Amino acid sequence: MAKQSPKFDEKFIRERIALLITQKGISATKMSREMGYGKGYFSDVYIGKQSIPYDRLFATMEYLEVTPRDFFDTELPYPTVTRQLCEECRKLDIEDQKSYLEIFKRQNKKNGKS
C-alpha cells in the first residue's frame, strides 16, 4: 500500500519549515533576508500570521536544499542530511557501500528501528 503524502496543510508546512531552518543552523530572520523577503517573513509564517504561497514555498525548499518529495515525506525527519549521506554513498565503491549498509543495519537494530 502506497504511503499517502500530507495535504497542503499550513500547520504542517509551518512546522516543517521551522524544523528545516533549525537543521540548517540559521535563523528565520537570516533566511528571510537572504531570500529577499522582509526580515520577519519566516517568523510570521511560523506563527501563522503569514501564509506562504506556492511559488515562495518552492523557493524555500530550494533554499533549504530539499526536494518537494522530501519536504512532504513525514517519515524523513532529516531530509538534508539524508540527501548528503546518499550523495557521499554514491561516491563509494560497492564493497564500501555494503560495509556501510551493514553498519547502518546494526545501528538501527541496536536502536530498535529495524
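What percentage of the 114 residues of the protein count as buried? I got 26%, taking buried as under 20% relative accessible area, exposed as over 50% and partly exposed as in between, with a 1.4 Å probe and protein chains only.

**Ground rules**

I am working on a predicted model, so I note that local features need pLDDT of at least 70, that side-chain atom pairs count only at pLDDT 80 or more, and that totals for chains, interfaces and linings use all residues. Residues are numbered from 1 along each chain as its sequence is written, and side-chain values use heavy atoms, with hydrogens and water left out.

**Confidence and layout**

I looked up pLDDT, the predictor's confidence in each residue on a scale from 0 to 100. The mean for the protein is 88, and 92% of its residues reach 70 or more. I then counted elements, where helices (H or I, at least four residues) and strands (E, at least two) are DSSP runs numbered from the N terminus. There are seven helices and zero strands, so my order string reads α-α-α-α-α-α-α from the N terminus on. Among these elements, helix H2 (residues 28-34) has the highest mean pLDDT, 95, and helix H6 (residues 79-90) the lowest, 89.

**Overall dimensions**

I put the radius of gyration at 17 Å, against near 13 Å for a compact globule of 114 residues. That radius is taken over C-alpha atoms, and the globule rule is 2.2 Å times the number of residues to the power 0.38. The C-alpha trace spans about 50 × 30 × 25 Å along its principal axes.

For contacts I use heavy atoms within 4.5 Å. Of the contacts with a separation of 6 or more, 52% are between residues 24 or more positions apart. The protein exposes about 8,400 Å², and carbon and sulfur atoms supply 52% of that. The areas come from the Shrake-Rupley method with a 1.4 Å probe; for residues, only the protein chains shown count as cover.

**Aromatic rings**

How many aromatic pairs does a search of the whole structure find? It finds seven. My rule is that rings of Phe, Tyr and Trp (its six-membered ring) pair if their centres lie within 6.5 Å; planes under 30 degrees apart count as stacked, over 60 as edge-to-face and the rest as tilted. Tyr37 and Tyr41 have ring centres 4.9 Å apart and planes at 55°, so I logged that pair as tilted. Tyr41 also pairs with Phe42, edge-to-face, at 5.0 Å centre to centre and 85° between the planes. I checked burial for these three: Tyr37 is buried at 16% relative accessibility, Tyr41 at 7% and Phe42 at 2%. I also noted one aromatic cluster made of Phe12, Phe71 and Phe72.

Next I looked for charges over rings (NZ of Lys or CZ of Arg within 6 Å of the ring centre and within 35 degrees of the ring normal). The charged end of Arg56 sits over the ring of Tyr37, 4.0 Å from its centre. Lys24 has its charged end over the ring of Tyr63, 5.3 Å from the centre.

**Around helix H3**

Tyr41 belongs to helix H3. Setting aside neighbours within four places in sequence, I found Tyr41 in contact with Ser32, Gln50, Ser51, Ile52, Pro53 and Arg56. Gly25 is 16 residues from Tyr41 in sequence, and their C-alpha atoms are 17 Å apart in space.

Val45 lies in helix H3 too (residues 41-47). It is buried, with 1% relative accessibility. With neighbours within four places left out, Val45 is in contact with Arg14, Gln50 and Ile52. I get 9.7 Å between the C-alpha atoms of Val45 and Ala28, which are 17 residues apart along the chain.

**Helix H4 and the loop after it**

Is Thr60 buried or exposed? With a relative accessible area of 1%, Thr60 is buried. I placed Thr60 in helix H4. Beyond four places in sequence, Thr60 is in contact with Ile17, Met31, Met35, Phe42 and Ile52.

Which residue has a positive phi although it is not a glycine? I found Glu65, at about 60°. Glu65 lies in the loop between helix H4 (54-63) and helix H5 (68-72), and is partly exposed with a relative accessible area of 39%.
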